[in-house]
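Here is a short set of exercises with worked solutions. Try each task on the structure before you read on.

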Amino acid sequence: MSDGGTAGNPAAQVLTLLAGRGQTLAVAESLTGGLVAAALTDIPGASRVFRGSVTAYATDVKRGTLGVDGALLAERGAVDAEVARQLATGVRERLGADWGVATTGVAGPDPQDGQPVGTVYVAVSPPGSGGVVAQRIQLSGDRAAIRAGSVRAVLALLREELVHTARAAGRNTEQNGEDGCLQP
């Protein structure tokens, strides 16, 4: 993937990390309404990594298209850590990607689901069937600022998880030998 002067660009960083592993990414967006996908697809060569996205703005789309538990949505609303986890896992599975990320929250102007404006949850679903990470953040500013901050937050969380799993894999390789087989 060409750098194109994007060394400090979080979207470019995660795409480069994923491309280096030969892995793919899918995105589920609620409050960001496609901004995460736009940030990723602004990078030349993104198609080698980016599978696609679902903008699940409506609750029934979260439930029906991405498989978020309807009882969870009814009980807690869409602005919730577990909803973010299920969105990330649902988009990863449905779009056939190695990694899934999600955003859900309140961009304003009014509170939603008992949550104040600026409450955002971002989540990352890694390959496999566990370890889905969600993070609550509280942002300030107008709608545009909250949405932009949400994009930065989800890309930062993905980058952190990619680096973490690379370090963990490096430790496993060191412990198990170069080829990953257990050494006597």
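The exercises below concern a predicted model, and they go from the whole chain to single residues.

**Exercise 1. The overall plan**

Find how many helices and strands the protein has, and in what order they run.

Solution. Start with the count: there are six helices and five strands. Next, read from the N terminus: the order is α-β-α-β-α-α-α-β-β-β-α. Now turn to burial. Of the 184 residues, 43% count as buried. The accessible surface comes to about 8,700 Å², and carbon and sulfur atoms hold 49% of that. Last, look at contacts between residues at least 6 apart in sequence: 62% of them join residues at least 24 apart.

**Exercise 2. Helix H5**

Compare the expected span of H5 with the distance between its end C-alpha atoms.

Solution. H5 covers residues 81-94. Its 14 residues, at 1.5 Å a residue, should span 20 Å. The end C-alpha atoms are 20 Å apart, so the two values agree.

Then inspect both ends. At the start, a side-chain oxygen of Asp80 comes to within 2.9 Å of the backbone nitrogen of Glu82. Just after the helix, Gly96 has a positive phi of about 65°.

Finish with burial. The buried residues of H5 are Ala81, Val83, Ala84, Leu87, Ala88, Thr89, Gly90, Val91 and Arg92.

**Exercise 3. Leu95**

Decide whether Leu95 is buried, partly exposed or exposed, and find its contacts.

Solution. First, place the residue. Leu95 lies in the loop between helix H5 and strand E3 (99-105). Second, take its relative accessibility, which is 24%. Buried means under 20% and exposed means over 50%. Leu95 is therefore partly exposed.

Third, list the contacts, leaving aside neighbours within four places in sequence. They are Ala26, Arg51, Gly52, Ser53 and Val54. Take Ser53 from that list. Ser53 and Leu95 are 42 residues apart along the chain, yet their C-alpha atoms are separated by 8.0 Å.

**Exercise 4. Strand E4**

Sort the residues of E4 by the way they point, then find the strands that pair with E4.

Solution. E4 spans residues 119-125. Side chains in a regular strand alternate between the two faces of the sheet. In E4, Thr119, Tyr121, Ala123 and Ser125 point one way. Val120, Val122 and Val124 point the other way. Seven of the seven residues are buried.

Now the partners. E3 pairs with E4 in the antiparallel sense over six bridges. Within that pairing, Val101 has Val124 as its bridge partner. Strand E5 (residues 133-138) also runs antiparallel to E4, again with six bridges. Here Ala123 stands opposite Ala134.

**Exercise 5. The nonpolar cores**

Identify the elements that build the largest nonpolar core, and name some members of the second core.

Solution. The largest core has 30 residues. Leu25, Leu40, Leu155 and Leu158 have the most contacts inside it. Two or more residues come from each of helix H1 (10-21), strand E1 (25-29), helix H2 (35-41), E3, E4 and helix H6 (143-176). H6 gives the most, with eight residues.

Zoom in on Leu40. Beyond its neighbours within four places in sequence, Leu40 touches Ala11, Val14, Leu15, Leu25, Val27, Ala46, Phe50 and Leu155.

The second core is separate and has 21 residues, including Val79, Ala88, Val91 and Ala123. Two of these names have come up before: Ala88 and Val91 are buried residues of H5. So has Ala123, a buried residue of E4.

Definitions and conventions: Residues numbered from 1 in each chain as written. Predicted model: local features only at pLDDT ≥ 70, side-chain atom pairs only at ≥ 80, totals over all residues. Heavy atoms only, no water. Helix = DSSP H or I, 4+ residues; strand = E, 2+ residues; numbered from the N terminus. Buried < 20%, exposed > 50% of the residue type's maximum accessible area, 1.4 Å probe, protein only. Contact = heavy atoms within 4.5 Å. Areas by Shrake-Rupley, 256 points an atom, 1.4 Å probe, with all protein chains shown as cover. Expected span 1.5 Å × (residues − 1). Polar contact = N/O pair within 3.5 Å; in protein donor to acceptor, adjacent residues only side chain to side chain. Pairing = 2+ DSSP bridges. Core = buried A, V, L, I, M, F, W, Y, C linked by side-chain atoms within 4.5 Å.
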